[in-house]
Amino acid sequence: MTETMKQTESKPIICVKDFKAAYGGRTVLHDVNFDVQRGEILVIAGGSGCGKSTMLFHMIGLYRPAGGHILIDGDDINAARGRVLNRIRRKFGVAYQSGALFGSLTVLENVRLPMEEFTDLTNDQMDMIALSKLKLVDLEGSAQKLPSELSGGMQKRAALARAVSLDPQIVFLDEPSAGLDPITSAGLDQLIIDLSRMLKTTFVIVTHELPSIFAIADRVVVLDAAVKTIVAVGDPADLRDTSPNPWVRAFFNREAPGAPQETPERSRGR
Amino acid sequence: MNQTNDSESPSIGITTEADGWLSITLAGRLDRATVVDVWPKAIEAFGKTSVERVVIDASGVGYCDGSGLGLFAELRRLAAQRGGQAEIVGLAPDLQRLVGIAELSDPTAEELTPMPPPGLVTNVGRAVADILADVKDIVTFTGELTVVLLWAITHPHRIRGRELWAICEKVGVNALPVVCLLGAMVGLIMAFQTAVPLQRYGAVSIIPSIVSIAMIRELSPLITAIILAGRSGSAFAAEIGTMRVTQEIDALQTFGLDPVKFLAIPRVLAGVLMAPLLTIFNIVLGVSAGYLVMANYGYSVRFYINAVTNSVTYVDLLGGVAKTLVLGLVIAAIGCLRGLRTEKGPSAVGDSTTRAVVAGIVLIVIADMIFGVVYFYLGI
């Protein structure tokens, strides 16, 4: 391996520097700084309304930050426009919370779409690659179905297959486990781990599902709505057990503030 | 242990203590059905005094739901407004915790009172700002659409043919029955309504000219355009608006695909291609239906056809149909624009659809007026 290649591999693939987000003059996040290493599974966690999805949408260039920079593989996505922005966007895939599959296209066509637009592959080649991606998420049998014919979990898996359609370096996932039953959720977690290990893909995942966080995250960035910034970064188990911040420990231990010390099964009779 | 009584209607006892505070004793069940019995009494008693401190003895309260919490909150608010406070004593531990959770941190906080309704100046200002934003949207979108249409003309192989075909079917083939029906009815009604006055002057023979000129030059393009605005413009706005709500448009953008190019081109092309074809069907049915009235007066088909062909020229026909190319473009474009600008929220798609239809019909009339003036000066 050459020295240049080693340097490239050691550089973080995403750098968030002094990031600030605001809606209509109201600051939502400020002083956010973190890096994402190549091949890492990084989870952005926090309570409802803390700005997790806002952070994600800025990272994929849908919103412009009120301050700071987000570098994707060295390129500032928020300063880019037009073709430069599209070139940066081709370095990553995104799977949205709702799946966001195109309802008028079959599952196979959804996965094929990025290839049709950005590659010179033949139809047969695209079909085979798309089917392989669907096989990865165990959906090859649903290739010719419309998204409306799929369950919620299947839609999320199809969205993941579409997100990796162009074999991007980074995959962003917004609440992949939200609304799924525990078994389907665990299956999706395992799929993310497998794809990360097999394809060496970097994953940035927004979620507040604790079982998923503990199952998949190499590191967690924790946002807190009260202070509108990062309150912890690290291994989820370490944060749960040893974080100096009591809110972070309560978050990972799933403790309600001020709750009475009683068993959940206590009688609720009036 | 507190003696509670949760099976009875609530009772209230009110005493003004000698050292200047109000004691309210509540007992029984405080819920949505029963709280109305004690609420007015408590508020009235507080209003009659000038005390700043209220002590609520709730040791006899056996059950309290959100309505009971509301009574406690109201007494706290009233006391706080006088610079005092309301204390609740004697509640069972579970209820004490419930009341504690629901306690307002500042009952007199400004943000708890409703905002005054906006005044006339604010409303006018907002309306003007909305109109200006709409104009800006339309100008920006027109520019974007022009660029992508030029791209589509120079790269016809990149147009998604199957999608274009499917949209053409929805816009054109599926609209054909209603377009034909309305054309025939309007042609028939026009011939029928003009026949009665013309008969008095012995001028029934000019009915074919009236029907054919009116249908070809003006009515058929307008009827077709209004049907398209109601059927297809609204459908485009709803479809694309739903895609906005379900993040499909965000997904397109993060793929590096231009939503205007991807979504608007097939729809606008379908509008431009189908509007003239539908107009021709509308004309044929409208003019043909006019003959039913003429047949009633004993005129032959040959006479009717000759009268029509002598009254209108190819220029009339081309002028009418050419108009629909522009109307089709306007309707499809406004539907796509409204869909792409859909906000978030449960009523957003409905709002976009309504705005697409209203704006579509207004723009149809404006465009038709402009065509009328242009044709007049061109002598068409």
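**Domains, chain contact and a long helix span**

Chain A of this predicted model is divided into two domains: domain 1 covers 12-59 + 66-91 + 170-206 + 215-254, and domain 2 covers 101-167. Their C-alpha centres lie 25 Å apart. The contact between them takes 11 residues from domain 1 of chain A and 12 residues from domain 2 of chain A. On the domain 1 side, helix α7 (residues 182-199) of chain A gives the most, with 5 residues. By class, that side of domain 1 of chain A has 7 nonpolar, 3 polar and 1 charged residues.

The next contact is between chains. Here 12 residues of chain B are in contact with 14 residues of chain A. Helix α8 (residues 248-254) of chain B gives the most to the chain B side, with 5 residues. The side of chain B that touches chain A has 4 nonpolar, 5 polar and 3 charged residues.

Further along chain B comes helix α9, residues 259-296. This helix has 38 residues and reaches 55 Å from its first C-alpha to its last, close to the 56 Å expected at 1.5 Å a residue. There is nevertheless a bend of about 35° in α9(B) at Ile265(B), and a proline, Pro266(B), follows within four residues. As for its surroundings, 28 of the 38 residues of α9(B) are buried, that is, have 20 or more other C-beta atoms within 10 Å of their own; the helix is therefore largely enclosed by the rest of the structure. Just after α9(B), Gly298(B) takes a positive phi of about 90°.

How values were computed:
Residues are numbered from 1 along each chain as its sequence is written. Chains are lettered from A and ligands numbered from 1 in the order in which they are written. This is a predicted model: local features need pLDDT of at least 70, side-chain atom pairs count only at pLDDT 80 or more; totals for chains, interfaces and linings use all residues. Helices (H or I, at least four residues) and strands (E, at least two) are DSSP runs, numbered from the N terminus. The expected span of a helix is 1.5 Å times one less than its number of residues. The bend at a residue is the angle between axes fitted to the seven residues ending there and the seven starting there. A residue is buried if 20 or more other C-beta atoms lie within 10 Å of its own, exposed if 12 or fewer, and partly exposed in between; C-beta atoms are placed from the backbone. Domain bounds come from an automatic or database domain assignment. Two residues are in contact if their C-beta atoms, placed from the backbone, lie within 7 Å. Ala, Val, Leu, Ile, Met, Phe, Trp, Tyr, Cys and Pro count as nonpolar, Asp, Glu, Lys and Arg as charged, and the others, Gly among them, as polar.
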